[in-house]
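Visitor: I should like to learn how to read a protein model. May we go through it feature by feature?

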Amino acid sequence: MDVIFGRNKEEHPEPIKAEVNGELPSWLQGILLRNGPGMHTVGETQYNHWFDGLALVHSFTFKNGEVYYRSKYLRSDTYNCNIEANRIVVSEFGTMAYPDPCKNLFAKAFCYLSHTIPEFTDNCLINIMKTGEDYYATGETNFIRKINPHTLETLEKVDYNKYVAVNLATSHPHYDSAGNVLNMGTSIVDKGKTKYVIFKIPSSVPEKEKKKSYLKHLEVLCSIPSQSLLHPSYYHSFGVTENYIIFIEQPFKLDILKLATAYFRGVNWASCLSFHKEDKTWIHLIDKKTKKDISTKIYTDAMVLFHHVNAYEEDGHVVVDVISYSDNSLYQMFYLKNLNEDLEENTKLTSIPACKRFVVPLWFDKDAEVGTNLVKLPSTTATALKEKDGSIYCQPEMLCEGIELPRINYDYNGKKYRYIYATEVRWSPVPTKIVKIDVLTKKKLIWEEEHCWPAEPVFVPSPDLKEEDDGLILSSIVTSDPRKAPFLLILDAKTFTEMARATVNVDLHLDLHGIFIPEKDLNAEHE
């Protein structure tokens, strides 16, 4: 499996023409931009965890029926420092890096002290974010890196902390109908008040400030105090509806005191995260108008979740669809020592991902008896039981099991929708199929091929879209058989039949997330 996980990938900064088999629709013009770890060894040193690898951004450009591939390592400060030293000198979440052993005692002591409030990495390897006319590689720290979507050149480094007091931020922002970015981060050093901060970055700025960062106009919408000042929740994404922002505060928690002493104790930051299976999971609904969390306490059982699928409002209820786990075994799976040639047979998750639907009533009879199910939607088996103290205990409906990396037609984000596109995983963390789930009928369409590991499927809407699933699915396919070339797969989203594949004779890396940028959203001056 080192073909896929362990070996460093070469970058291809100049465009490579792919061999297209099949027919691409003439309207498919633009760039599929993807991000993920590509380098796990620097000199004699190796990262411990697959999610720690240096960011390799790659793209598939569609132009007049042809497809061009290119890839380039993100030239982050982290990348430059590591390459210059020919060893890992910047710490990542699962790998703690230490100073040169030849350093004197004073330098070492200073180094230890400076890590009590971690200076996090700018190795932004998870996703791509659009802000106005700009595109950024993102991770989960307070740093993002601007990139040129045409050339993949790394541009300026942006520190969220200059505009909003956060130390961590999600790599899964949301975009409203006007193109404004909604995101959230955790503030862990603001006068001892650990909190979650929700903020907005505008989609446009005054003409005279076009050359400056859109982040200068960032607006803090609200903040939510952490249930525990020293143990904030880890979260990878959140949800939005027309009137609400949904934040799920899970008992997968970061221990701030352990974080502050991790470097001194010789352990990685990941060891400061732990799952408290006896605790509750709190569901926060933040009203966009009042900018306040609704007063009713809403909770469910302990769970770990990374990806929200979608959320929407229906007849006085908020419906929230997520992919959840009963423990945190997924992260453990991706330590490189576990990703060996026996991975598919021997590496088993102790909790498979489950797509669950939670339903929260917005209005209900305050005099309802304890134990009453307050959900009045006939289309779901999810329940919300009134508790003695007035809080609401939610139990979900199981939509399906074994899917991850969910995507939807983003035009339906925050609205009632019908289709989920995802990769299928079972007891192994490796995706082997692409699936389309109809959440109404629970029917499933599948694409699979031997020795193929598909990336997150991206939905691209048809320009004459009439139904939710009118469009294409794009997924880059890594092959576990070295004799089979990797390719970009293009499926008809409605029928899941293959329209085309664009084969590239390169060592394609397994990526994480990305976006499709239509030609109209590409700034010609970047080309």
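Guide: The following conversation moves from the whole chain to single helices and loops.

Guide: This is a predicted model, in which local features need pLDDT of at least 70, side-chain atom pairs count only at pLDDT 80 or more, and totals for chains, interfaces and linings use all residues. Residues are numbered from 1 along each chain as its sequence is written, and side-chain values use heavy atoms, with hydrogens and water left out.

Visitor: How many helices and strands are there in the protein?

Guide: Helices (H or I, at least four residues) and strands (E, at least two) are DSSP runs, numbered from the N terminus. The protein contains five helices and 40 strands.

Visitor: What does the radius of gyration say about the protein?

Guide: The radius is taken over C-alpha atoms, and the globule rule is 2.2 Å times the number of residues to the power 0.38. For 527 residues a compact globule would have a value near 24 Å, and the protein, with 23 Å, agrees. Its C-alpha atoms fill a box of roughly 65 × 65 × 60 Å along the principal axes.

Visitor: What share of the residues count as buried?

Guide: Buried means under 20% relative accessible area, exposed over 50%, and partly exposed in between (1.4 Å probe, protein chains only). Of the 527 residues, 58% count as buried.

Visitor: What share of the contacts join residues at least 24 apart?

Guide: A contact means heavy atoms within 4.5 Å. Among contacts between residues at least 6 apart in sequence, 61% join residues at least 24 apart.

Visitor: Where do the buried residues of H1 lie around the axis?

Guide: For such a question one uses an arc, namely that of the directions from the helix axis to the C-beta atoms. The buried residues of H1 are Thr78, Tyr79 and Asn82. They cover an arc of only 95°, which puts them on the same side of H1. Their packing partners are strand S4 (37-39), strand S5 (41-42), strand S7 (54-63) and strand S8 (66-73).

Visitor: Which residues of helix H3 are buried?

Guide: In H3 (residues 256-265), these are Ile256, Leu259, Ala262 and Tyr263. Seen down the axis, they fall within an arc of 90°, so they line one face of the helix. The face turned away from the buried side of H3 carries the exposed residues Leu257 and Phe264.

Visitor: Which residue follows H1, and what is its phi?

Guide: H1 is followed by Asn86, with a positive phi near 55°, in a residue other than glycine. Asn86 lies in the loop between helix H1 (77-85) and helix H2 (105-114). Lys291, also not a glycine, has a positive phi of about 60°. Lys291 belongs to the loop between strand S22 (281-287) and strand S23 (292-293), and its relative accessible area of 35% makes it partly exposed.

Visitor: Is Gln250 buried or exposed?

Guide: Gln250 has 2% relative accessibility and therefore counts as buried. It is placed in the loop between S19 and strand S20 (252-254). Leaving aside neighbours within four places in sequence, Gln250 is in contact with Ser233, Tyr234, Tyr235, Thr281, Met303, Val304 and Leu305.

Visitor: How should sequence distance be set beside distance in space?

Guide: One may give both for a pair of residues. Gln250 and Phe275 are 25 residues apart along the chain, and 8.7 Å separates their C-alpha atoms. Asn243 and Ile224 are 19 residues apart in sequence and 17 Å apart in space, C-alpha to C-alpha.
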